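Please open the structure in the viewer and keep the selection tool at hand. The tour proceeds from one selection to the next.

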There are 2 protein chains.
Amino acid sequence: MFVQSHTPFAEMHEYKDKTVLVVGGDYDKCQLVAKDHYGFQNVVTPGDIVSAHPDIWPFSKVFMDYYKSFAKPLPKPINPSTPSETLKIDAIFVYNDPRDWGLDSTIILDLLLSSRGRLGTLSPQNGSPTLPNRGYQQDAQPPLYYSNPDLWWAASHPLPRLGQGGFRVAFAGLWDAVTGGAKLEYTMFGKPHQLTYEFAERRLRAHRKMLFGQRGLNDPLRRVYMVGDNPESDIRGANEYKSPHGSLWRSLLVKTGVYREGTVPSCEPTVILKDVGEGVRWAVEDSGKS
Amino acid sequence: MFVQSHTPFAEMHEYKDKTVLVVGGDYDKCQLVAKDHYGFQNVVTPGDIVSAHPDIWPFSKVFMDYYKSFAKPLPKPINPSTPSETLKIDAIFVYNDPRDWGLDSTIILDLLLSSRGRLGTLSPQNGSPTLPNRGYQQDAQPPLYYSNPDLWWAASHPLPRLGQGGFRVAFAGLWDAVTGGAKLEYTMFGKPHQLTYEFAERRLRAHRKMLFGQRGLNDPLRRVYMVGDNPESDIRGANEYKSPHGSLWRSLLVKTGVYREGTVPSCEPTVILKDVGEGVRWAVEDSGKS
């Protein structure tokens with residue numbers, strides 16, 4: 001059973017009949033996950049928007065063959081002269097690492113500066129000195145959700161590569177300059193955040209129920225083993241997680257990714273092991289103990 | 001005669017026999033300008049790098065058809081296990097608006113964190129508390145030059161679109177998060193900066209010499225008219241420019257771009273006019289006065 005960083009978005013039922021922007025991932029893969037697996041009815045991507053309105057980010061022109069290969073028609077065009085008829089986005093979900101940071105930043109920024117999420121409009125409240133946060137994000141703009149906070153991840157390149165967190169901090173720099181230092185409101189899912197570990201524990205409990213039926217249904221999971229390569233996300237999340245059911249979580253750090261052998265991990269795990277296989281063996285043995 | 005924002009790079013002779021990274025623009029257009037027009041001998045683009053080493057930024061995979069259409073072989077591969085044999089970049093020039101912010105940010109960041117500009121290496125000085133700027137950019141990394149500071153420009157979309165300055169502030173946010181708040185050293189060309197106006201004046205004086213020979217060669221240009229749509233770059237630059245030759249500059253703001261009629265420009269021009277044509281007529285008439 002795979003739980004991906006965006007899986008917790010599946011539970012955000014309040015947006016299932018609204019129009020949501022799904023950002024990140026290759027082609028329309030995340031859009032299809034949102035529609036077909038999570039049940040969101042109106043899912044728009046930045047690629048759909050730029051294909052219908054190329055002038056929203058003229059510099060994506062060179063990537064237009066890519067966007068045209070999967071773009072779908074928009075439910076409404078961008079037509080700010082009649083604000084009630086322009087495309088309105090009700091929530092922004094960053095599912096996976098953005099591929100086109102310029103386009104995705106532009107569209108997220110447009111939405112966060114818009115009036116009520118209507119693309120092509122500008123909120124008249126932006127910059128008002130008498131309003132909270134100088135009027136920014138005070139005009140029913142769509143909320144912004146990130147699925148994964150990791151700044152770095154271990155890839156095949158010799159040095160760690162920027163993750164979704166890289167896009168997030170770059171967008172924060174843009175927001176800071178554009179607004180003159182206003183606060184940027186967003187919600188973070190993903191490790192090391194409590195919400196994601198709660199979600200994982202619910203999934204594990206549902207899996208136990210499927211395997212064993214009602215037997216022990218309300219007991220806590222006796223032990224949960226978090227195996228990961230990233231001290232700041234995997235290990236910190238497991239160490240700091242407070243299980244609502246009182247389950248005991250242990251953190252197993254492996255040497256095959258972000259963490260490099262011989263260094264001191266920024267967050268101390270229960271144990272450091274060679275790789276995931278060794279982690280599973282360790283967990284099986286540990287769980288056999290009383 | 002056109003002077004583009006990157007034209008002042010033509011005078012940076014100290015890098016002409018070194019290896020430079022040229023960032024921004026469609027395809028290899030800026031690379032060709034740097035080589036064929038400005039005389040830089042070794043010019044590498046992020047597209048060349050990612051085509052040879054796709055794992056340097058795995059998320060550009062979806063744009064690989066674009067990069068393969070113009071990428072040229074690298075002078076050296078990225079091979080950090082033998083640092084003297086890995087590709088070394090001596091200066092970074094952002095010529096034009098980056099198209100692929102993720103790739104371009106990654107490669108600029110890699111270079112600014114490297115040892116001596118060698119791709120694939122990390123400077124051991126990064127983060128050293130005893131060094132200036134906590135060791136960042138203290139290890140002969142390549143200098144970073146931007147050609148254009150504009151955060152916004154007027155495009156065909158109803159709202160202004162992010163310019164090269166948008167990339168710059170996003171990269172600054174990334175740098176801030178990665179380094180924990182170290183200063184980012186860079187040099188800015190372009191309006192409203194003195195260097196760019198000096199460059200324009202040199203070009204105008206050379207043009208006068210071509211037209212009129214030695215006659216009046218050392219006289220100042222009596223009047224120079226700066227016609228532009230952007231109060232913060234075009235107009236501020238002309239107003240604040242101090243001509244080394246004592247030329248008198250006047251600033252003409254037009255209504256066909258960033259500045260919107262009826263608003264108060266953030267920097268007051270000599271005169272506000274309808275468009276460039278009216279600006280030229282105004283300048284011709286004004287220059288006929290004593």
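The stops below begin with a whole chain, continue with its domains, and end at the interface between two chains.

**Stop 1: chain A as a whole**

Please note at the outset that this is a predicted model. Select chain A and display its C-alpha atoms, which occupy a box of roughly 70 × 45 × 45 Å along the principal axes. Switching to a cartoon representation shows eight helices and 10 strands in chain A. Colouring by accessibility is instructive here: of the 290 residues in chain A, 52% are buried. A contact map may be consulted as well; among contacts in chain A with a separation of 6 or more, 63% link residues 24 or more positions apart.

**Stop 2: the two domains of chain A**

Next, select residues 7-188 of chain A, assigned as domain 1, and give a second colour to residues 220-288, assigned as domain 2. The centres of these two domains, taken over C-alpha atoms, are separated by 33 Å.

How many residues of each domain of chain A are in contact with the other? Five residues of domain 1 touch six residues of domain 2. Between them, the two domains of chain A bury about 350 Å², with 51% of that area on carbon and sulfur atoms. On the side of domain 1 that touches domain 2, the residues comprise four nonpolar, no polar and one charged. A search for salt bridges between the two domains returns zero, while one residue pair is in polar contact, both residues being at pLDDT 80 or more.

**Stop 3: the interface of chain A and chain B**

Now display chain B together with chain A and select the residues in contact: 44 in chain A and 44 in chain B. The area buried between chain A and chain B is about 3,800 Å², of which 72% lies on carbon and sulfur atoms.

Which interactions should be labelled here? Four salt bridges are counted between chain A and chain B. One of the contacts to centre on is the salt bridge of D110(A) with R161(B), whose closest N and O atoms are 2.8 Å apart. Polar contacts across this interface amount to 10 residue pairs, both residues at pLDDT 80 or more.

Finally, highlight the elements of chain A that each supply at least two residues to the side touching chain B: α3 (64-68), α4 (101-113), β5 (152-153), β6 (161-162) and α5 (164-179). The greatest contribution comes from α5(A), with seven residues. Coloured by class, the side of chain A that touches chain B divides into 27 nonpolar, nine polar and eight charged residues.

How values were computed. Residues are numbered from 1 along each chain as its sequence is written. Chains are lettered from A and ligands numbered from 1 in the order in which they are written. This is a predicted model: local features need pLDDT of at least 70, side-chain atom pairs count only at pLDDT 80 or more; totals for chains, interfaces and linings use all residues. Side-chain values use heavy atoms; hydrogens and water are left out. Domain bounds come from an automatic or database domain assignment. Contact means heavy atoms within 4.5 Å. Buried area is the accessible area (1.4 Å probe) that two parts lose on being put together, summed over both. A salt bridge is a side-chain nitrogen of Lys or Arg within 4 Å of a carboxyl oxygen of Asp or Glu. A polar contact is a pair of N or O atoms within 3.5 Å; within protein, one must be able to donate a hydrogen and the other to accept it, and residues adjacent in sequence count only if both atoms are side-chain atoms. Ala, Val, Leu, Ile, Met, Phe, Trp, Tyr, Cys and Pro count as nonpolar, Asp, Glu, Lys and Arg as charged, and the others, Gly among them, as polar. Helices (H or I, at least four residues) and strands (E, at least two) are DSSP runs, numbered from the N terminus. Buried means under 20% relative accessible area, exposed over 50%, partly exposed in between (1.4 Å probe, protein chains only).
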